[in-house]
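User: I'm new to this one and would like a friendly walk through it. Can we take it a question at a time?

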Amino acid sequence: MKKIVLLFLVMMGMAAAHAESQYTYLTFETTDGARISVPASQLKLTISGTTLTAGSKTFTLTNLSKMYFSTTDETTTGISATTTTAPGEATEIYDLNGRKMADGKLPSGVYIVKTKDRTYKITVR
């Protein structure tokens with residue numbers, strides 16, 4: 001684990017030196033596919049145990065799949081549980097535990113969508 005953290009810090013140092021002139025965001029992608037961008041101007045990285053803090057965002061190291069510098073904010077948002085697939089066709093959305101999701105934004109995850117004619121799986125990133 002110490003080798004991984006040391007490698008991470010070395011890579012961050014090299015990337016930060018290159019990123020100052022081109023990139024305005026450091027984007028973190030989690031294992032569930034969600035992306036969270038932190039403005040490079042507010043960037044201060046701190047590692048404490050298995051927790052990485054970048055600006056005002058906190059991540060568990062085991063939940064990070066990758067990170068990269070980008071020129072735009074790539075933060076992903078959920079979709080609404082009240083979406084329809086066709087005009088007038090109601091949609092019901094359930095989590096993988098079978099709980100019906102309330103109206104509003106869905107957090108990142110995998111969901112089952114039921115309509116009158118079909119059932120399918122979606123991934124919210």
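User: Let's start in the loop: leaving aside neighbours within four places in sequence, which residues is Arg99 in contact with?
Analyst: A quick note first: this is a predicted model. Arg99 is found in the loop between E7 and E8. Leaving aside its neighbours within four places in sequence, Arg99 is in contact with Ile93 and Tyr94.

User: Which side chain does the side chain of Arg99 join in a polar contact?
Analyst: Its partner has a place in strand E7, which covers residues 92–95. The contact between the two side chains is 2.8 Å. The partner of Arg99 is Asp95.

User: Is Asp95 buried or exposed?
Analyst: Here the cut-off matters: buried means under 20% relative accessible area. Asp95 comes in at 11% relative accessibility, so Asp95 counts as buried.

User: And which residues does Asp95 touch, not counting those up to four places away in sequence?
Analyst: Asp95 sits in strand E7. With residues up to four places away in sequence not counted, Asp95 touches Met101, Val110 and Tyr111.

User: Where is Leu96, and is it buried or exposed?
Analyst: Leu96 is found in the loop between E7 and E8. Exposed means over 50% relative accessible area. Leu96 has 58% relative accessibility, so Leu96 counts as exposed.

User: How many Å apart in space are Leu96 and Val110, C-alpha to C-alpha?
Analyst: In sequence, Leu96 and Val110 are 14 residues apart. Leu96 touches Val110 and also Ile112, not counting residues up to four places away in sequence. From C-alpha to C-alpha, Leu96 and Val110 are apart by 6.9 Å.

User: What about Ala102, is that one buried or exposed?
Analyst: Ala102 lies in the loop between E7 and strand E8 (109–114). Ala102 and Glu92 are 10 residues apart in sequence and 9.3 Å apart in space, C-alpha to C-alpha. At 59% relative accessibility, which is over the 50% cut-off, Ala102 counts as exposed.

User: Which ring does the charged end of Lys114 sit over?
Analyst: The charged end of Lys114 is 5.6 Å from the centre of that ring. The ring's residue is also in contact with Arg99. The ring belongs to Tyr94.

User: Zooming out, how many helices and strands are there in the protein chain?
Analyst: From the N terminus on, the elements run α-β-β-β-β-β-β-β-β-β. That gives 1 helix and 9 strands.

User: Which element has the lowest mean pLDDT, and which has the highest?
Analyst: As a whole, the protein chain averages a pLDDT of 76, and 70% of the residues score at least 70. Among the elements, the lowest mean is 61, for helix H1 (residues 2–22). The highest mean is 88, for strand E3 (residues 45–48).

User: Which residues make up the largest nonpolar core?
Analyst: Two or more of its residues come from each of strand E1 (25–30), strand E4 (51–54) and strand E6 (64–70). The core has 9 residues in all. They are Leu26, Phe28, Val38, Leu52, Ala54, Phe59, Leu61, Leu64 and Phe69.

User: How many residues are in the other core that lies apart from it?
Analyst: Among the members of this other core are Tyr111, Val113, Ile122 and Val124. Its total is 6 residues.

User: Back in the largest core, which residues does Val38 touch, not counting those up to four places away in sequence?
Analyst: Val38 is one of the residues of that core. Its contacts include two other core members from strand E1, Leu26 and Phe28. With residues up to four places away in sequence not counted, the full list for Val38 is Thr24, Tyr25, Leu26, Phe28, Leu43, Ala54, Gly55 and Lys57.

User: Tyr25 is on that list, so is Tyr25 buried, partly exposed or exposed?
Analyst: Tyr25 is found in strand E1. Its contacts include Ser37, Val38, Tyr68 and Phe69. The buried class stops at under 20% and the exposed class needs over 50%. At 22% relative accessibility, Tyr25 counts as partly exposed.

User: Last one: what percentage of the residues in the protein chain is buried?
Analyst: The protein chain has 125 residues. Among its contacts with a separation of 6 or more, residues 24 or more positions apart account for 45%. The share of buried residues is 27%.

Conventions:
Residues are numbered from 1 along each chain as its sequence is written. This is a predicted model: local features need pLDDT of at least 70, side-chain atom pairs count only at pLDDT 80 or more; totals for chains, interfaces and linings use all residues. Side-chain values use heavy atoms; hydrogens and water are left out. A nonpolar core is a set of buried Ala, Val, Leu, Ile, Met, Phe, Trp, Tyr and Cys residues joined through side-chain atoms within 4.5 Å. Buried means under 20% relative accessible area, exposed over 50%, partly exposed in between (1.4 Å probe, protein chains only). Helices (H or I, at least four residues) and strands (E, at least two) are DSSP runs, numbered from the N terminus. Contact means heavy atoms within 4.5 Å. A charge sits over a ring if NZ of Lys or CZ of Arg is within 6 Å of the ring centre and within 35 degrees of the ring normal. pLDDT is the predictor's confidence in each residue, from 0 to 100. A polar contact is a pair of N or O atoms within 3.5 Å; within protein, one must be able to donate a hydrogen and the other to accept it, and residues adjacent in sequence count only if both atoms are side-chain atoms.
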